[in-house]
Amino acid sequence: MRTLLVTGPGGSGRTTVAAATALAAADAGHRVLVLSADRTDTLGAVLGGPHAHPGLTARRLTPDDRFRDDLAALQDRAASALDLLGADRIDAEELTPLPGAEELALLRALRDAARDDTYDTVVVDLPPAPRALAVLALPEQLRRYLRKLLPPERQAARALRPMLGRLAGVPMPAAWLYETAARWEEDLAAAQAVIEAPTTTIRLVAEPGPAGADALDAATTGLALQGLRTDLLVANRLLPDASADTWLAALAAQQHKTLAAWETEYEQVATVRHLGHDPRGTDDLTALGLPGRTDAPAPVQWPVTAAPADEENHAYIWHIPLPGVVREELGLIRRGDELVITAGVFRRIVALPSALRRCTVAGAGLREGELRVRFAPDPGLWPRER
């Protein structure tokens, strides 16, 4: 399954591009699902209705209903504890979704689409770039929190918990808590597998100009830190070159100046002309001329290599590609077997490769858009030669 995640700065026309991409893929004969988590049916309005193409299925997620079902099931499983505390049940009618319900619904939909063999291509109309990056990073973050709060090794002693509770005189965590954590871990791992799959890429949408360029630079940094790949940058709403109106001519010149810079920075750039109105329906979407399903670029690699021979104290170098990042925006903290990387406003905590866990950080440098972290063997942990 090919997955295209469409995002960009707010107001850049992401939904229109997602709809046009899905329609182009359906026209090419693919079975396409296009997803949107927008509370208003913007996607349906752009497509012109739910039956825009026989090979295209549009689905707007409704997290409210699933949130109510999940919380009702949680109340049922925790009934004994709630009764012990004298807590009242919450009726489904009085439940409103908490912040983050849309994000979790979107991750669940990605997981379900991957498990279903109905579609060849899935196009996702993501929120604006900063929020979209937070959504895509959520499975990895939540799985880390779960491992910290409920380590898997504790579940091995599940059979001893009742006896330990009687000996200690205090109630031990209920088995359903660990079962729920295991189920969440499985669901989050499945969603993360889709996001990080070789067939999943980001399609960025931006309107050329100074504001769009700044927002795109920030989004590119966040995507690189997460190890996500961009298959295409869509320069949207381009004005014609020639215009008798001096104001329009100046704006068009500004757009084309930004576009020229993008074409040198990004491998694949598609231009979309301004139609003079908001696109609506299949005819307008086809007129945009956007490609549908494309080949995915090679996966991002974070390789570990041996240090040059002239660096005697440095055994390994960890290469982390971070194109566009400047030295002043970078931060590194070693914490146990993890490395905390800060790039601009983004932060990611990554586990060290096994060989580097027995090393200490000996330095770091930024060269040609790549962060190179140097490691030296820790004498107290490295096996000694006889």
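The legends below describe close-up views of a predicted model.

Residues are numbered from 1 along each chain as its sequence is written. Local features need pLDDT of at least 70 and side-chain atom pairs count only at pLDDT 80 or more, while totals for chains, interfaces and linings use all residues; side-chain values use heavy atoms, with hydrogens and water left out.

**View 1. The open sheet has seven strands.** The strand order is 3-2-4-1-5-6-7 and the pairing is parallel; strands (E, at least two residues) and helices (H or I, at least four) are DSSP runs, numbered from the N terminus. Two strands pair if DSSP finds at least two bridges between them. Strand 3 and strand 7 (269-273) are the edge strands, each pairing on one side only. From one strand to the next, the twist averages 20°; axes are lines fitted to C-alpha atoms, for helices over the stretch in contact, and angles run from 0 to 180 degrees between N-to-C directions.

**View 2. Helix 1 packs on the sheet.** Helix 1 touches strand 1 (2-7), strand 2, strand 3, strand 4, strand 5 (200-206) and strand 6 (230-238), where contact means heavy atoms within 4.5 Å. The direction of helix 1 makes about 170° with that of strand 4. Helix 1 covers residues 14-27 and reaches 20 Å from its first C-alpha to its last, close to the 20 Å expected (1.5 Å times one less than the number of residues). Twelve of its 14 residues are buried, so helix 1 is largely enclosed by the rest of the structure. The buried residues include Arg-14, Val-17 and Leu-23 (buried is under 20% relative accessible area, exposed over 50%, partly exposed in between; 1.4 Å probe, protein chains only). Just after helix 1, Gly-29 takes a positive phi of about 100°.

**View 3. Strand 2 pairs with strand 3 and with strand 4.** Strand 2 (residues 32-36) runs parallel to strand 3 (residues 56-60) over five bridges, and Val-32 has Leu-56 as its bridge partner. Five bridges also join strand 2 to strand 4 (residues 121-125) in the parallel sense, with Val-34 opposite Val-123.

**View 4. One aromatic pair is present in the structure.** The ring centres of Trp-302 and Trp-318 are 6.0 Å apart and the planes stand at 65°, so the pair is edge-to-face (centres within 6.5 Å, using the six-membered ring of Trp; planes under 30 degrees apart are stacked, over 60 edge-to-face, the rest tilted). Trp-302 lies in the loop between helix 11 (281-287) and strand 8 (304-306), and Trp-318 in strand 9 (residues 316-321), 16 residues apart. Trp-302 is buried at 19% relative accessible area, and Trp-318 is buried at 4%.
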